[in-house]
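Here's a quick walk through one protein model. Keep the sequence and the 3D view open as you read.

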Amino acid sequence: MTNLTSQCEKARYCETGQRVNIKFCFKLGKTVTETHEMLVKVYGVHAVSKKCVFEWFKRFRDGKEDELRSGRPPTSTTPDNIEQVRRMLVNDRRLSLRMIAE
């Protein structure tokens, strides 16, 4: 997965909605320029950059828009896991992180 530009990262708070709009325009056969112009009309100064739109188009073209992201898997902080770690620590406060992970 390629990293999005820093300008694209600045608009992260509304990027998800914009990504959906970008994908919609991509599927309609709109160009990057047309799509970016529409985003600017709707989001104004909060619109992602044209370069960001280009990068999303490239991802959609390559079929990579739904790749898993790096980082902690969403299943690692489930309520069950949290409770299990709490119980382990109540029984033995000297457990190391490695011992808990095992």
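What follows starts with the whole chain and then zooms in on one helix and one residue.

## The overall picture

First off, this is a predicted model. The protein has 6 helices and 0 strands, so to speak a run of α-α-α-α-α-α when you read along the sequence.

Of its 102 residues, 25% count as buried. The protein exposes about 8,000 Å², and carbon and sulfur atoms supply 54% of that. Looking at contacts with a separation of 6 or more, 56% come from residues 24 or more positions apart.

## A look at helix H3

Helix H3 covers residues 32-43. Its 12 residues, at 1.5 Å a residue, should span 16 Å, and the end C-alpha atoms are indeed 16 Å apart, so the two agree.

Which residues of H3 are buried? They are Val-32, Thr-35, His-36 and Leu-39. Look down the axis of H3 and these buried residues fall within an arc of 95 degrees, so they line one face of the helix. That fits the usual geometry: an α-helix has 3.6 residues a turn, so residues three or four places apart point the same way.

Just after H3 comes Gly-44, with a positive phi of about 60 degrees.

## Zooming in on Thr-35

Thr-35 sits in helix H3. Is Thr-35 buried or exposed? Its relative accessible area is 0%, and anything under 20% counts as buried, so Thr-35 is buried.

Leaving out residues up to four places away in sequence, Thr-35 touches Ile-22, Cys-25, Lys-30, Val-53 and Phe-57.

How values were computed: Residues numbered from 1 in each chain as written. Predicted model: local features only at pLDDT ≥ 70, side-chain atom pairs only at ≥ 80, totals over all residues. Heavy atoms only, no water. Helix = DSSP H or I, 4+ residues; strand = E, 2+ residues; numbered from the N terminus. Expected span 1.5 Å × (residues − 1). Buried < 20%, exposed > 50% of the residue type's maximum accessible area, 1.4 Å probe, protein only. Arc of directions from axis to C-beta. Contact = heavy atoms within 4.5 Å. Areas by Shrake-Rupley, 256 points an atom, 1.4 Å probe, with all protein chains shown as cover.
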